[in-house]
Structures are given as C-alpha cells and as structure tokens.
Amino acid sequence: MNKRRSDKVITAVLFVAFLLLLATYSFSKDGVLTLHGEIEDSQCAFNVHSAGHSHEWMLKKHVAGAHDKKSCTLLCVREMGGNFVLVVKNEVYRIEDQAQAEKFAGEKVTAIGTVDAKSHTLHNLRLEKDQ
C-alpha cells in the first residue's frame, strides 16, 4: 500500500511541475519584443485593395489622396475604415495605441512593446523612427 501511495505522490508532483512549466511558457510568449517594420493601414496590409501587403495598387491607380506611403496610409485609416498596423516582413501586428501610430504613418519604425500572441496585438508600445 505504501508503494501505491508513493506512486500517487510522484504522479501528483510531476503533474504540478508540468502545469508550472506550461504556465511559464504561456507567459513568456507575451514578453517584450523589439520589432523593425513599417506603420501601414490594415486595408493595404491585409490585402483589401492589393495582393502584396503594400500601397502599390492604390498608388498605381492614382486614387485621390494617395500620393505616397504616408498619404495612402492616412487615407485608408481616416476614410476607408482601416486601422494602423505594424508590418514586419510578412507579419502584420495590430496596434493598441492608434494615436501614437498615426504620428509614424507610412514610416519605418522600431517598435518596442509586448504582444498578445492570440490577437497579434502590440501593447505598451514605444515607437521610434528608424534611421
């Protein structure tokens, strides 16, 4: 009977250790990140108007108010229902603080903050213009 009890204790300890490991992994996924990318609008970044995570289609079609990356980004957010996002290669991150992102519309930036792994949203964000 003692062996059976010690087996249960060992199983319980291993289970608790597994849960602690799992919890640590989950929290570490939402750690502070430093990303280098461009502030764009969700319309262009998610290919609503084009097929390349870019402003090319809007600029080639000479859409009124879209003369360059900045004006296209601002037009899509202000008049077409988009939101500011950070595009890093093929990854698109939503941005919680839209007012801060607006200051860097169409520009390459360094973004430092935390990311919610489920929603792909950047929080506690600090943006700096890349040189």
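## A salt bridge between β5 and a loop

Lys129 and Glu107 pair up in a salt bridge, with their closest N and O atoms 4.0 Å apart. In this predicted model, the pair links distant parts of the chain: Lys129 is in strand β5 (residues 121-129), while Glu107 is in the loop between α5 (98-102) and β4 (108-116), 22 residues away.

How exposed are the two partners? Lys129 has 49% relative accessibility and counts as partly exposed. Glu107, at 18%, counts as buried, because the cut-off for buried is under 20% relative accessible area.

## The other salt bridges

How many salt bridges does the structure hold? There are four. One of them joins the side chains of Lys69 and Glu38, at 3.4 Å from N to O. Lys69 sits in helix α4 (residues 69-80) and Glu38 in strand β1, so this pair ties together parts that are 31 residues apart in sequence. Here too you get a mix: Lys69 is partly exposed, with a relative accessible area of 39%, whereas Glu38 is buried at 9%.

Then there's the salt bridge between Glu128 and Arg126, where the closest N and O atoms are 3.4 Å apart. Glu128 is partly exposed, with a relative accessible area of 36%. Arg126 is partly exposed as well, at 46% relative accessibility.

## How the chain is laid out

Stepping back to the whole chain, you'll find five helices and five strands. Follow the sequence from start to end and the order reads α-β-α-α-α-β-β-α-β-β.

The chain has 131 residues, and buried ones make up 37% of them. Its accessible surface comes to about 8,700 Å², with 58% of that belonging to carbon and sulfur atoms. What about contacts between parts that are far apart in sequence? If you take the contacts with a separation of 6 or more, residues 24 or more positions apart account for 58% of them.

## Two nonpolar cores

Nonpolar side chains tend to be buried together in soluble globular proteins. In this chain, the largest nonpolar core has 18 residues. Which residues have the most contacts inside it? They are Ile39, Phe84, Leu86, Tyr93, Ile95, Leu122 and Leu127. Several elements chip in: β1, α4, β2 (84-88), β3 (91-95), β4 and β5 each supply at least two residues of this core.

Leu122 is a good one to click on. Leaving aside residues up to four places away in sequence, Leu122 touches Leu35, Leu86, Tyr93, Arg94, Ile95, Glu96, Thr114 and Val115. There's also a second, separate core of six residues, and Cys44, Met58, Cys72 and Leu75 are among them.

## Thr34 and its far-off neighbours

Back in strand β1, which covers residues 32-41, you'll find Thr34. At 47% relative accessibility, Thr34 counts as partly exposed; the cut-off for exposed is over 50%, so this residue stays in the class in between.

Which residues does Thr34 touch, not counting those up to four places away in sequence? The answer is Thr110, Ala111 and Ile112. Take Ala111: Thr34 and Ala111 are 77 residues apart in sequence, yet their C-alpha atoms are 5.6 Å apart in space.

Definitions and conventions: Residues are numbered from 1 along each chain as its sequence is written. This is a predicted model: local features need pLDDT of at least 70, side-chain atom pairs count only at pLDDT 80 or more; totals for chains, interfaces and linings use all residues. Side-chain values use heavy atoms; hydrogens and water are left out. Helices (H or I, at least four residues) and strands (E, at least two) are DSSP runs, numbered from the N terminus. Buried means under 20% relative accessible area, exposed over 50%, partly exposed in between (1.4 Å probe, protein chains only). Contact means heavy atoms within 4.5 Å. Accessible areas come from the Shrake-Rupley method with a 1.4 Å probe; for residues, only the protein chains shown count as cover. A nonpolar core is a set of buried Ala, Val, Leu, Ile, Met, Phe, Trp, Tyr and Cys residues joined through side-chain atoms within 4.5 Å.
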